[in-house]
Amino acid sequence: MLPLLEGVRVIEVGAVVLGPYAGQILADLGAEVIKVEPLEGDIARHAHPQGPGGGALFVNNNRNKRMLALDLKKPEGRAALAKLIAGADVLFHNMRLDAADRLGLGYAQVAEINPNIIHCAATGFGRRGPYRDRPAFDDIIQAASGLAGLAALQNGTPQFAPTIVADKVAALHAVYGILSALYARERGRKGPFRVEVPMFESMVSFLMNEHLSGATFAKDGVPGYPRLLSPDRRPFRTADGWIAVLPYTEAQWRRFLAEAGRGEVCEAEWFRSPAQRQAHIGELYAIVADSLEARTTQAWIAALEAIDVPCSRVASPLEILDDPHLAEVGFFDVPEGFEAERVIPQPVQFTGIAQSADTPPHALGADSRSVLREAGYDDAAIDALIAAGVVSAS
């Protein structure tokens, strides 16, 4: 854990991946993140597979946080949350706007309690559009944003990416939105600090960065970045496995084609033009595919590294666990106190800043008492909230 955001208090009302992933990044950077969960806990706590700290999905998204279990459907729960909001720097949630309003998490409600707070809402769709009230999960956003449809342009069949990509992309947008607002406030800028992160718009921005393509310049232009959509862009089979090879510049293509015994291709008139090479990318990829089956993966890697052509063996998730580079940098090392075989670290590294030890995800309600004491409740009041089923404290 880094001390970069020391003194910043974040209230995270998040579940599953989007909210918890963003909150964990802020916690890794040193913010005090108080995760507010319903009394039954974040659904990810109960996801398969289970370990000592709960579901793996929960363990990998909730380190370095304090845990408060609070029933926000009850007035006493919302009153307790209001006390926390009064002393917080950031309120972050990932729920539909009408649900947030019902629970006292809407922007107007929060700003009335704390006008200087940074309010960040991560939603499925932007509040100004006709989709604003639609429910959204990762698969829904992958479909709506065009991600699943990109696969159809390549191979004829829409496909979901086998990762929770929309949640994580939106989470990263939320983090930079929150950090930007914190910086602006620190520099003396006055609010309101209302940050909105719609998953749909975030994914469209992420995908259309390159795929807006021809539609950038012409009203009837066709979107889609040709090289990425070529059906020949794929991992290539070698004599004993699979490899990714990407000659990109003219010099790299020349070196690859010479190594593959196809140097005559470099004499074609179209080869000298970057735009024309792009137009003939399918032909070039077909040459790559035909050439690679003649040698083993390791033989190709040795040859291509010697001539500085980008390449990599295709690693399975299982092989990633024993990757020599990750082993050397201690990527999956387990900090003291974590009951796990591997954990995922904060990948951004800072030089010259001392780090403190990460803390594992706490049990449901583990910090309820301490958080509520800091908000002004005495032990008798906390006991009353527990007895009334408003708070859970482990």
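Isoleucine 85 counts as buried, because its relative accessibility comes to just 1%, under the 20% cut-off. The model here is a predicted one, and this residue makes a handy way into it. Isoleucine 85 sits in helix H3, which spans residues 75-86. Leaving out residues up to four places away in sequence, its contacts are Leu91, Val110, Ile113, Asn114 and Ile117. Glycine 149 is another matter: 64 residues along the chain from isoleucine 85, its C-alpha atom is 41 Å from that of isoleucine 85.

Stepping back to the whole chain, there are 394 residues, and 43% of them count as buried. The secondary structure adds up to 18 helices and 12 strands. Taken along the principal axes, the C-alpha atoms fill a box of roughly 85 × 50 × 40 Å. Among contacts with a separation of 6 or more, 68% are between residues 24 or more positions apart.

Now for the interior. The largest nonpolar core is made of 40 residues, and Leu26, Phe92 and Met203 have the most contacts inside it. Two or more residues apiece come from helix H1 (18-28), strand S6 (90-93), strand S7 (118-123), helix H7 (147-155), helix H8 (165-186), strand S8 (193-198) and helix H9 (199-211). The biggest giver is H8, with 11 residues in this core. As for phenylalanine 92, its contacts beyond four places in sequence take in Ile11, Glu12, Val13, Leu18, Gly19 and Ala22, along with Cys120, Ala122, Ala174 and Ile178. There is also a second, separate core, this one of 28 residues, with Ile34, Ala100, Ile117 and Ala375 among its members. Ile117 has already come up, as one of the residues touched by isoleucine 85.

Helix H11 is worth a look of its own. Gln252, Trp253, Phe256 and Leu257 are buried in this helix. Viewed down the axis of H11, the buried residues fall within an arc of 125 degrees, so they line one face of the helix. What that face packs against is a mixed set: strand S10 (242-245), helix H12 (274-279), H13 and helix H14 (297-306). After H11 comes glycine 261, with a positive phi near 75 degrees.

The pairing of H11 with H13 can be spelled out further. Two packed helices are described by the angle between their axes and the distance between the axes. For H11 (residues 250-259) and H13 (residues 281-292), the axes come within 11 Å and cross at roughly 35 degrees. The crossing of H11 past H13 is left-handed. On the H11 side, the contact is made by Trp253, Phe256 and Leu257, while H13 brings in Ile281, Leu284, Tyr285, Ile287, Val288, Ser291 and Leu292. Sorted by class, this contact has 9 nonpolar residues, 1 polar residue and no charged ones. Trp253, Phe256 and Leu257 of H11, which take part in this contact, are also among the buried residues of the helix.

Last comes the start of the chain. Methionine 1 lies in the segment before strand S1 (9-13). Setting aside neighbours within four places in sequence, methionine 1 is in contact with Ala27, Asp28, Gly30 and Asn64, and also with Gln355, Ser356, Ala357 and Asp358. Between methionine 1 and proline 310, which are 309 residues apart along the chain, the C-alpha atoms are separated by 34 Å.

Note on methods: Residues numbered from 1 in each chain as written. Predicted model: local features only at pLDDT ≥ 70, side-chain atom pairs only at ≥ 80, totals over all residues. Heavy atoms only, no water. Core = buried A, V, L, I, M, F, W, Y, C linked by side-chain atoms within 4.5 Å. Buried < 20%, exposed > 50% of the residue type's maximum accessible area, 1.4 Å probe, protein only. Helix = DSSP H or I, 4+ residues; strand = E, 2+ residues; numbered from the N terminus. Contact = heavy atoms within 4.5 Å. Axes fitted to C-alpha atoms, helices over the stretch in contact; angles between N-to-C directions. Left-handed = near helix turned anticlockwise from the far one by under 90°. Nonpolar A, V, L, I, M, F, W, Y, C, P; charged D, E, K, R; others polar. Arc of directions from axis to C-beta.
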